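Reader: I am new to this structure and should be grateful for a guided account. Please begin with the whole chain and then proceed to its parts.

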Amino acid sequence: MEYYLMYYLTGFIMIPALIFSVICQIKVKTAFKKYSQIRNSRNISGAEAAYRLLQLNGVTDVKIIPISGNLTDNYNPKTKEICLSQNVYNSASVAAIGVACHEAGHACQHAQEYFPLKIRNLAIPATRFGSYLGIPLVLLGLFFSFEPLTYIGIILYSAVVLFQLLTLPVEFNASKRALATIRDNQLLVDDEYKGAKKVLTAAALTYVAALVSALLTLLRLILVSGRRR
């Protein structure tokens, strides 16, 4: 029971990560809401902007489809579909252009076999195991005083940290591609471009927050296992 108590007490180190994560989520929603109310001067929709980015990069086998939800936009490499939420797909707002072009940036990464993306995708199976089994195995190892099980749990959870680390260059690069296309082809101009950049920068911080949270969770597991020894 001492080690379970130690596990919960070390949960306090997660508080900064939780606060940071909440702040990032607020910044994303605030930026998206603000720039969703500003219509772009070229009057193009998110779907049209994504299509334009794909064409400029020679990507012709990717579909752009609408999906339900808010900020649920994503690129599915299995089906080669850019899935845009309704307030992005049909919207001609500054925020919609930024988000749509970001997802199109992921499609271009996939088509061009962007190396960090390939490495991140390879880590996905281990990440799933680590996410579901890492912490339970550590706790079981502590409960049964079986150190190998604890170590296995820590190693598995390390895959989650690695995945979050590999995600950063992928997300940053997608935003870089999006903003470069928006600027160079004047999909947005002047303050419109700055607004899209603020939206994507705020979104990027959520991935930083996810990495910080994963790192602190791993530290928490290591501290608990160290206390056990």
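Reader: What percentage of the residues of the protein chain count as buried?

Author: The model under discussion is predicted. A residue counts as buried when its relative accessible area is under 20%. The protein chain has 229 residues, and the share of them that count as buried is 45%.

Reader: In what pattern do helices and strands follow one another along the protein chain?

Author: The protein chain holds eight helices and three strands. Its C-alpha trace spans about 65 × 35 × 30 Å along the principal axes. Read along the sequence, the elements follow the pattern α-α-α-β-β-β-α-α-α-α-α.

Reader: In what order do the three strands lie in the open sheet?

Author: β1 and β3 are paired in the parallel sense over five bridges. β2 and β3, by contrast, run antiparallel and are joined by three bridges. The pairing in the open sheet is thus mixed, and the order of the strands is β1-β3-β2.

Reader: Why is one side of β1 and of β2 left without a neighbour in the sheet?

Author: In the order β1-β3-β2, the strands β1 (63-67) and β2 (74-76) stand at the edges. One side of each is left without a neighbour in the sheet because each has a single partner strand.

Reader: Which residue in β3 is the bridge partner of Tyr75?

Author: Two bridges can be followed by name into β3 (residues 81-85). Lys63 has Glu81 as its bridge partner there. For Tyr75, the bridge partner in β3 is Ile82.

Reader: Which residue in the hairpin of β2 and β3 takes a positive phi?

Author: The hairpin of β2 and β3 has four residues between the strands. A positive phi near 55° is found in this hairpin, and the residue that takes it is Lys80.

Reader: How many of the residues of β3 are buried?

Author: From β3, Glu81, Cys83 and Ser85 point one way, whereas Ile82 and Leu84 point the other way. Residues on both sides are buried. β3 is therefore mostly covered under the cut-off of under 20% relative accessible area, and the number of its buried residues is five of five.

Reader: Which helix packs on the sheet, touching β1 and β3?

Author: The twist of the sheet averages 30° from one strand to the next. A helix formed by residues 46-56 packs on this sheet, and its direction makes about 160° with that of β1. The helix that touches β1 and β3 in this way is α3.

Reader: Are α2 and α5 parallel, perpendicular or oblique to each other?

Author: Helix α2 (residues 15-36) and helix α5 (residues 94-111) pack with their axes 6 Å apart. Phe32, Tyr35 and Ser36 in α2 meet Val94, Ala95 and Val99 in α5, a contact with five nonpolar, one polar and no charged residues. The angle between the helices is about 120°, outside the 65 to 115 degrees that count as roughly perpendicular and not over 145. The two helices are therefore oblique.

Reader: How many of the 18 residues of α5 are buried?

Author: α5 reaches 26 Å from its first C-alpha to its last, close to the 26 Å expected at 1.5 Å a residue. Just after this helix, Glu113 takes a positive phi of about 55°. α5 is largely enclosed by the rest of the structure, because its buried residues number 16 of the 18.

Conventions: Residues are numbered from 1 along each chain as its sequence is written. This is a predicted model: local features need pLDDT of at least 70, side-chain atom pairs count only at pLDDT 80 or more; totals for chains, interfaces and linings use all residues. Side-chain values use heavy atoms; hydrogens and water are left out. Axes are lines fitted to C-alpha atoms, for helices over the stretch in contact, and angles run from 0 to 180 degrees between N-to-C directions. Angles under 35 degrees count as roughly parallel, over 145 as roughly antiparallel, 65 to 115 as roughly perpendicular and the rest as oblique. Contact means heavy atoms within 4.5 Å. Ala, Val, Leu, Ile, Met, Phe, Trp, Tyr, Cys and Pro count as nonpolar, Asp, Glu, Lys and Arg as charged, and the others, Gly among them, as polar. Two strands pair if DSSP finds at least two bridges between them. The expected span of a helix is 1.5 Å times one less than its number of residues. Buried means under 20% relative accessible area, exposed over 50%, partly exposed in between (1.4 Å probe, protein chains only).
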